[in-house]
Amino acid sequence: KPATQSDSIAVIGLGRFGGAVAESLMRLGHEVLGIDANGELVQKWSDRLTHVVQADATDAEALRQLGMNHIQHAVVGIGSDIEASVLTVLALEELGVRDIWAKATGTRHGLILERTGARHVVHPEAAMGERVAHLVTGKMMDFL
Ligand code: ATP
């Protein structure tokens, strides 16, 4: 099946989290559209992703001009700016993006993202903390 635009994945916010997601998606063979408001980060990622664009993702019209209304999958890696995170998810939902993943910085931020239209909410610190606890537990056996 030939790749179409609807198969590509938008990653919005190319910080530590979004950057890692985008890089891994490329390695897995996907087409990735990276979006960030920060020109330096756009430069940094410009030759590592399929397309990289500098834009304010809270601006639904700007996202439409980038063709986001034809994209099905988006990952929002904006975290510490809760307002920007929520407004970006809302804009994506308005544009009809069906599969929205979003990073939350806390439980109630996550609830807002779900109610705004995110299908999947990720809590990186909580998830990694849980995973490390399991890893530590597993390695404890080595000391017996
Ligand atoms: P990380 O821990 O993943 O580095 P963070 O939780 O500190 O990120 P932020 O600094 O809030 O998250 O945002 C991550 C990225 O999102 C930054 O590169 C920032 O430039 C970008 N970003 C923030 N607001 C917007 C916006 N309105 N439009 C596009 N990109 C944005």
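## Where the ligand sits

Following the sequence of this predicted model, you meet strands and helices in the order β-α-β-α-β-α-β-α-β-α-β-α.

User: How many helices and strands does the protein chain have?
Analyst: Let's begin with the pattern, which reads β-α-β-α-β-α-β-α-β-α-β-α along the sequence. The C-alpha atoms of this chain fill a box of roughly 60 × 35 × 35 Å along the principal axes. Counting up the elements, the chain has six helices and six strands.

User: Which pocket does the ligand take up?
Analyst: A good start is to look at how covered the ligand is. An oxygen atom of the ligand is 2.7 Å from a polar backbone atom of Phe17. Taken alone, the ligand would expose 630 Å², and the protein buries 78% of that. As for the space the ligand takes, that is the largest pocket.

User: How much space lies in the largest pocket, and which residues are closest to its centre?
Analyst: Volume comes before residues here: there is about 480 Å³ of space in the largest pocket. Its lining is made of 29 residues. Closest to the centre are Gly13, Gly15, Gly77, Ile78 and Gly79.

User: Which element supplies the largest share of the lining of the largest pocket?
Analyst: Four elements are worth checking. Helix H1 (16-27), strand S2 (32-36), helix H4 (82-94) and helix H6 (124-140) each give at least two residues to that lining. The largest share is four residues, and they come from H1.

User: What classes of residue line the largest pocket?
Analyst: Sort the lining into nonpolar, polar and charged residues. The polar group has 10 members and the charged group has six. That leaves the nonpolar group, with 13.

User: Which residues are closest to the ligand, and how many surround it?
Analyst: Zoom in on the shell around the ligand. By class, that shell has seven nonpolar, seven polar and five charged residues. The closest are Arg16, Phe17, Asp36, Ser80 and Lys103, and the number of residues surrounding the ligand is 19.

User: Which residue has a side-chain N or O atom 2.9 Å from a nitrogen atom of the ligand?
Analyst: Watch out for the backbone here. A polar backbone atom of Ala57 is 2.9 Å from a nitrogen atom of the ligand, but you asked about a side chain. The side-chain N or O atom at 2.9 Å from a ligand nitrogen atom belongs to Asp56.

Conventions
Residues numbered from 1 in each chain as written. Predicted model: local features only at pLDDT ≥ 70, side-chain atom pairs only at ≥ 80, totals over all residues. Heavy atoms only, no water. Near = heavy atom within 4 Å. Polar contact = N/O pair within 3.5 Å; in protein donor to acceptor, adjacent residues only side chain to side chain. Areas by Shrake-Rupley, 256 points an atom, 1.4 Å probe, with all protein chains shown as cover. 1 Å grid on protein atoms, 1.4 Å probe; cavity = no way out; pocket = protein on both sides within 12 Å on 5 of 7 lines; lining within 4 Å. Sits in = over half its atoms within 2 Å of the grid points. Nonpolar A, V, L, I, M, F, W, Y, C, P; charged D, E, K, R; others polar. Points joined across faces, edges and corners; volume = space filled by probe spheres on them.
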